[in-house]
Amino acid sequence: MVSKRFIAKRLLLLVPVLFGVATVVFAILHLSPGDPAVSIAGNRASQEFVNQVRADLGLNDPLWQQYVRFLGDAATFNFGESYQIQRGTPVSQILADRLPITIELAVLGQIAGLLFGLPLGILSAVKQDTWTDHLTRIGALSGISIPIYWSGPLLILLFAQFLGVLPTSGRIGSAHFIDSTTGFILVDTLLAGDIPAFRSAFRHLLLPIVVLGIYQMALISRMMRSSMIEVIRQDFMRTARAKGQGEKITTMKHGLRNAFIPVITIIGIQFGALLGGAVLTETVFEINGIGTLLVSAINQSDYPVVQATVLVFAVMYTLVNLFVDVTYSVLDPRIEQ
């Protein structure tokens with residue numbers, strides 16, 4: 001059982017992290033070239049109109065006043081309104097629409113990586129230096145070496161263009177109209193009881209999930225193999241075998257629990273990377289998640305959207321790491337001390 005004191009300490013540590021991220025994002029945006037007032041008013045606008053826009057946005061205020069105002073608004077989850085992406089729309093509303101799309105992709109990609117990476121890593125460790133081990137290692141090395149911007153178009157060419165069995169882009173077929181309840185398209189189609197729409201959404205998401213899952217599977221299987229090999233050579237494993245316990249039971253009961261701790265670190269770090277890597281995946285498969293939103297906001301100098309998006313990324317990343325810390329303490333209670 002994880003103590004409340006342990007969780008409270010971890011939550012307190014999130015505060016300086018988020019404060020640092022917010023400060024860096026604010027500094028980079030306000031020290032970089034480009035004027036959001038000109039972006040809003042347009043290049044042909046008069047100087048008077050540009051000055052009026054700048055005054056309305058509070059950009060003429062001293063930098064420290066803008067910084068304090070930004071921190072105060074961020075603390076209350078008030079990120080203002082979009083300058084360009086959806087002009088006049090609250091940024092929180094834009095994020096609420098886009099964030100589930102990216103989370104759905106990241107979670108499904110992580111699940112795919114775990115489903116295949118963990119068994120392959122364990123199998124490779126147990127069958128060390130056999131053909132099974134060699135093939136698994138070659139597959140894992142290939143998966144790590146293939147970048148998403150290459151594997152994505154390649155899979156589209158193979159399964160969508162050549163074989164014609166999967167769609168090239170989007171989240172669901174144009175013939176299906178599903179009201180957004182949770183923002184997760186698979187869940188929404190099930191809630192609506194529309195099985196054909198669910199099948200369409202699943203077929204659309206399959207290639208992006210495979211692209212994200214390949215890298216996760218490769219990394220997790222390599223880490224699982226290394227950790228498991230180290231554990232199965234420990235004295236307590238030999239003792240369990242000497243007592244007559246079967247090899248499979250020894251490996252799964254004693255080995256897996258101890259080998260899993262370093263793997264959890266990789267899973268936590270990689271889930272954060274998945275959220276960032278979703279930028280490329282969303283671009284390749286034309287999915288309007290938070291990754292493509294961030295790129296568009298940067299290109300259009302939409303400061304509120306950029307600041308809010310980066311902060312959301314930071315919050316999710318730190319929460320994932322909090323979950324990893326809690327999992328550590330569950331697997332090995334000594335970590336809390």
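# Reading the terms used for this model

Trainee: Why is Val107 called partly exposed?
Mentor: In this predicted model, Val107 has a relative accessible area of 33%. Buried would require under 20% and exposed would require over 50%, so with its 33% Val107 falls in between and is called partly exposed.

Trainee: Where does Val107 sit, and which residues form a nonpolar patch with Val107 on the surface?
Mentor: Val107 belongs to helix 5, which covers residues 91–126, and the patch is formed by Val107 together with Ile111, Leu115 and Phe116. Taken together, these four residues have about 380 Å² of accessible area. A patch residue needs over 30% relative accessible area, and the 33% of Val107 is in keeping with that cut-off.

Trainee: What makes helix 5 oblique to helix 6?
Mentor: The two helices pack at an angle of about 140°, and their axes are 8 Å apart. Roughly antiparallel would need an angle over 145, roughly perpendicular would need 65 to 115, and roughly parallel would need one under 35; because about 140° meets none of these conditions, helix 5 is called oblique to helix 6. As for handedness, the crossing in which helix 5 passes helix 6 is left-handed.

Trainee: How do you know whether Asp129 is buried or exposed, and where does Asp129 lie?
Mentor: Asp129 lies in the loop between helix 5 and helix 6, the latter covering 131–145. The relative accessible area of Asp129 is 54%, and since exposed means over 50%, Asp129 is called exposed. The backbone of Asp129 also deserves attention, for this residue has a positive phi of about 65° although it is not a glycine.

Trainee: Which loop holds Glu286, and what is the sign of its phi?
Mentor: Glu286 lies in the loop between helix 11 (247–284) and helix 12 (290–299), and it has a positive phi of about 55° although it is not a glycine.

Trainee: Why is Glu286 called exposed?
Mentor: Its relative accessible area is 57%, and when this value is set against the cut-off of over 50%, the conclusion is that Glu286 is exposed.

Trainee: What elements make up the protein, and how many of its residues count as buried?
Mentor: There are 13 helices and zero strands, so from the N terminus on, each element is an α in the written order. Of the 337 residues, 42% count as buried, where buried means under 20% relative accessible area. Along its principal axes, the C-alpha trace spans about 85 × 55 × 40 Å.

Definitions and conventions. Residues numbered from 1 in each chain as written. Predicted model: local features only at pLDDT ≥ 70, side-chain atom pairs only at ≥ 80, totals over all residues. Heavy atoms only, no water. Patch = residues over 30% accessible without salt bridge, like charges linked within 9 Å, V, L, I, M, F, W, Y side chains within 5 Å. Areas by Shrake-Rupley, 256 points an atom, 1.4 Å probe, with all protein chains shown as cover. Salt bridge = Lys/Arg side-chain N within 4 Å of Asp/Glu carboxyl O. Helix = DSSP H or I, 4+ residues; strand = E, 2+ residues; numbered from the N terminus. Buried < 20%, exposed > 50% of the residue type's maximum accessible area, 1.4 Å probe, protein only. Axes fitted to C-alpha atoms, helices over the stretch in contact; angles between N-to-C directions. Left-handed = near helix turned anticlockwise from the far one by under 90°.
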